[in-house]
Amino acid sequence: MRYILLTLSSLCLTAFAMASDQVMVVHEWGTFTSLQNEAGATLGGINADDEALPAFVKTLRRDLIANPANKGFAYAHPDITMRLETPVVYFHPPKNQVAPMTLDFEVQFRGGWLTQFYPDADARAAGMMDGSKIGRLKSNTLGSLNWRALRVGVEAPLTETELTVWKAPRAVEAATVANPHGQAEKFLFYRGVGNLNAPLKVVRTSRGSDELVIQPQLDPALQSSQGLAVRTLWLAHFKADGTCAFTELRPDNFVLNAPDARLTIKTDFSPGAYSVENLRALRVAMHKELVADGLFADEAEALLKTWESSYFKSAGLRLFFLVPKPWTNYYLPLKLSVPSEIVRTMVGRLELISPEQNAALDHLAAATDFSDTGLDALQPDINVLGRFKTPLLADRMKTQPTPGIKQAMNRFAMPLYLFPLNQ
């Protein structure tokens, strides 16, 4: 089949030339997740998931991603500085389509590997394997998935699962899609790991300060791009008791390639700012912006429900923002073999070090009792560090390599992939 490269200009031309009820409408949502320290540096080794996927999902290397299903099996990979989490692609056929449509769909990840996907596809993950071992992931790595001869609009049964992370995206009025092997789903699904920075970095002006400075960090190739404005951001602090406080930012002209692009925000939420009701308020605010960005209402709801536990119920300090589409198109270029109108709505998720995590790291650094009982007593601090305990401990090791941090690394952290110095 002849491919149509989905650049911004070609999408506009396609939409202009053909009425919306005569072409395929394709909607995609997903999340880019990064972890940053208080200096705004991106931390590696974040190849850990909050939740396991259904067993039928294809995984290239099960020892690359740590999750509840393979706890203790995976190693922390220092090159993994970004998680591409749960992009799903929905197909809405033309209104006049009466028979299934056949098409090819390809996605590439500039600087990453596409490691998990469904239905099955042709996968390319250059450099993933070095003999029998995991290899290095570099900024110029190019991973890809190619779904060939997909049939869109079929009547086919879906594989049963009780996992919310999979069932939530199904609750959308979209066409069922099937590959030639009969694997059918309401969407195309993929995840990946990358060696790249988020488009934003967040710097705390000094240790203990309540002021954060948000700045762009762009690849030089994007410096001259148009449409790099960030319209909406949310800074949210989630506590272990189920409450949260948040601030919504709607800057007038926060353009990432502008020379003076910069936002300042305070994190000093008052005690009265925290409530369980704020979880719903934040969800409502994000849903509104996701729809304004182009998703259908049920698609926006599916995104939020899929990551409800990770986004809104796990403790932490997070900055969420809508990723500018040119950034997404640069790092995740798509090819589709039929004329289509495309909407790609991605949420940037920056995990920042919270006051509770700083306190836990301080307590671990001061530890002196390394008996089994003493180490067991450190478990509550490890729990506070959460999903990314390994990179957080490794980062503190660089500035405060106390016996307590070393023992915490040995006892609680994932083991690290080690590579020769010349790699």
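Tutor: An angle between two helices is taken between their N-to-C directions and runs from 0 to 180 degrees, the axes being lines fitted to C-alpha atoms over the stretch in contact. The model considered here is predicted. In this model helix 7 (residues 355–365) and helix 10 pack at about 60°, and their axes are 11 Å apart.

Student: Why are helix 7 and helix 10 called oblique to each other?

Tutor: Roughly parallel requires an angle under 35 degrees, roughly perpendicular 65 to 115, and roughly antiparallel over 145. An angle of about 60° lies in none of these ranges, so the pair is oblique. The crossing of these two helices is right-handed.

Student: What makes the contact of helix 7 with helix 10, and how do its residues divide by class?

Tutor: Helix 7 supplies Gln-357, Asn-358, Leu-361, Asp-362 and Leu-364, which meet Leu-392, Leu-393 and Arg-396 of helix 10. The division is four nonpolar, two polar and two charged. Asp and Arg count as charged, and so Asp-362 and Arg-396 belong to that class.

Student: Helix 10 also packs on helix 11. How do you know which way the two run relative to each other?

Tutor: Helix 10 (residues 389–399) and helix 11 (residues 403–412) pack at about 155°, with their axes 10 Å apart. The cut-off for roughly antiparallel is over 145 degrees. The angle of about 155° passes that limit, and the two helices are therefore roughly antiparallel. Their crossing is left-handed.

Student: Which residues make that contact, and why is Thr-390 counted as polar?

Tutor: From helix 10 come Lys-389, Thr-390, Leu-393, Ala-394, Arg-396 and Met-397; from helix 11 come Ile-405, Lys-406, Ala-408, Met-409 and Phe-412. Thr is on neither the nonpolar nor the charged list, so Thr-390 is polar. In total the contact has seven nonpolar, one polar and three charged residues.

Student: Why is the pair of helix 3 and helix 4 called oblique?

Tutor: The axes of helix 3 (residues 277–292) and helix 4 (residues 297–306) come within 9 Å and cross at roughly 135°. Roughly perpendicular ends at 115 degrees and roughly antiparallel needs over 145, so an angle of roughly 135° is oblique. The crossing of helix 3 and helix 4 is right-handed. The contact joins Arg-283, Met-286, His-287, Leu-290 and Val-291 of helix 3 to Ala-297, Ala-300, Glu-301, Leu-303, Leu-304 and Lys-305 of helix 4.

Student: What makes a space a cavity, and how many does the structure hold?

Tutor: A cavity is a set of points where a 1.4 Å probe fits but cannot get out. The structure holds two cavities of 30 Å³ or more, and the largest has a volume of about 70 Å³. Its lining consists of Gln-36, Asn-37, Glu-38, Val-202, Val-203, Arg-204, Leu-212, Leu-317, Leu-352 and Ile-353. Strand 14 (residues 200–204) gives the most to that lining, with three residues. By class, the lining has six nonpolar, two polar and two charged residues.

Student: What surrounds the largest pocket, and where does the largest share of its lining come from?

Tutor: The largest pocket has a volume of about 800 Å³. It is lined by 34 residues, of which Asp-49, Gly-386, Arg-387, Phe-388 and Lys-389 are the closest to its centre. Helix 9 provides the largest share, five residues. The whole lining divides into 15 nonpolar, ten polar and nine charged residues.

Key. Residues numbered from 1 in each chain as written. Predicted model: local features only at pLDDT ≥ 70, side-chain atom pairs only at ≥ 80, totals over all residues. Heavy atoms only, no water. Helix = DSSP H or I, 4+ residues; strand = E, 2+ residues; numbered from the N terminus. Left-handed = near helix turned anticlockwise from the far one by under 90°. Contact = heavy atoms within 4.5 Å. 1 Å grid on protein atoms, 1.4 Å probe; cavity = no way out; pocket = protein on both sides within 12 Å on 5 of 7 lines; lining within 4 Å. Points joined across faces, edges and corners; volume = space filled by probe spheres on them.
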